[in-house]
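Me: Please take a close look at the salt bridges of this model, and say how the charged side chains that form them are placed. A description of the pockets would be welcome afterwards.

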Amino acid sequence: MKKGVFKTKRKDNTTVYRVSITKNGKHISLGTYLTEDEASKCYNEAYELLNNNNLKISDYKDSMLISYQKYLSLINFRDNKLYIQTPIYLRKNYFEYHLDRNTILKFDRDDLFFYSKHKISKRGNHLFYSEYGMQINLLEKYGIPSYSVEGKDYHFINSDIYDFRYSNIDIINQYHGVKKCVKNGKTTYISKIHVNGYIKIGEYNSEIKAAIAYNKAADILKKTTNINYIQNFPEVSPKEYASIYSELKISDKIYEINK
């Protein structure tokens, strides 16, 4: 067998060739190939990358046997002395997560442990990560509900929709049916709900009160409209939630629709 190549068989008795490489005491699996020559070529590519500091991320070629994500893991290991199985490259004050050659996400270093253990996937224009067998919208990790609209409920300060560093995310409206309003230097939160057009529920001095007001209106309207409204989940105790809920005043129009 050529260096780094190990011959084995799959469950269906097909012969395949596994390839791995060891560098600085770290044993790294590179993949499985149908021929010994392909496996050997992959090993040589990995060896060259780990031992040639002139090779950059941009030097990756589609003709290579080694996958782009494995290429990223190896070049990060070479440059930053840290092997991470997900396609992460560490920069000075942040890190990149390479979904592919053209889609590069940016995150704060504080999130490194999380994304070294969670693989990100893309479906359409949405990004997801897996948790306990479930796919979770990446926006939700940053306090942005999955139904939020960019530019209306949140926006990326530098206009880069793949830059998830905390300083770049501005959450305008955290809760469904709630809109922040700044007038004459005073900030209030307006709740609206849709029933054959939008109805103003009320205007409140806190975002949490506005979110709970929306829930209260939704609870009342569901009795007659049969509309399945999305609920808000503000971070307050059940006791505090119940107190705010019972004391909040909402528009009489909500009660009139329910008659």
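Reply: The account below takes the salt bridges in turn and then the two largest pockets.

The model is a predicted one, and side-chain atom pairs were counted only at pLDDT 80 or more. On that basis there are 8 salt bridges, and three of them are described here.

One of these pairs joins Lys-141 to Asp-111, with a distance of 3.9 Å from N to O. With a cut-off of 4 Å between the side-chain nitrogen and the carboxyl oxygen, the pair at 3.9 Å qualifies as a salt bridge. The two residues are 30 residues apart and belong to distant parts of the chain: Lys-141 sits in the loop between β9 (134-137) and β10 (154-156), whereas Asp-111 sits in the loop between β6 (103-108) and α3 (112-117). Their surroundings can be read from the accessible areas. Asp-111 has a relative accessible area of 5% and is therefore buried, since buried means under 20%. Lys-141, at 27%, is partly exposed.

A second pair consists of Asp-163 and Arg-165, whose closest N and O atoms are 2.8 Å apart. Here too the acidic residue is buried, Asp-163 having a relative accessibility of 1%. Arg-165 is partly exposed because its relative accessible area is 21%, and the limit for a buried residue is under 20%.

The third pair, Asp-219 with Lys-222, has its closest N and O atoms 3.7 Å apart. Both residues belong to helix α4 (residues 207-225), where a spacing of 3 residues amounts to about one turn of the helix. Asp-219 is partly exposed at 25% relative accessibility, and Lys-222 is likewise partly exposed at 30%.

As for the pockets, the largest has a volume of about 440 Å³. Its lining comprises 21 residues, and those nearest the centre are Lys-152, Asp-153, Gly-177, Val-178 and Tyr-198. Strands β12 (178-183) and β13 (186-194) are the elements that contribute two or more residues to this lining. By class, the lining of the largest pocket holds 10 nonpolar, 6 polar and 5 charged residues.

The second largest pocket encloses about 320 Å³ of space. It is lined by 16 residues, with Asn-125, His-126, Leu-139, Tyr-154 and Ile-161 closest to its centre. Both β8 (126-131) and β10 provide at least two residues of that lining. Its composition is 9 nonpolar, 5 polar and 2 charged residues.

How values were computed:
Residues numbered from 1 in each chain as written. Predicted model: local features only at pLDDT ≥ 70, side-chain atom pairs only at ≥ 80, totals over all residues. Heavy atoms only, no water. Helix = DSSP H or I, 4+ residues; strand = E, 2+ residues; numbered from the N terminus. Buried < 20%, exposed > 50% of the residue type's maximum accessible area, 1.4 Å probe, protein only. 1 Å grid on protein atoms, 1.4 Å probe; cavity = no way out; pocket = protein on both sides within 12 Å on 5 of 7 lines; lining within 4 Å. Points joined across faces, edges and corners; volume = space filled by probe spheres on them. Nonpolar A, V, L, I, M, F, W, Y, C, P; charged D, E, K, R; others polar.
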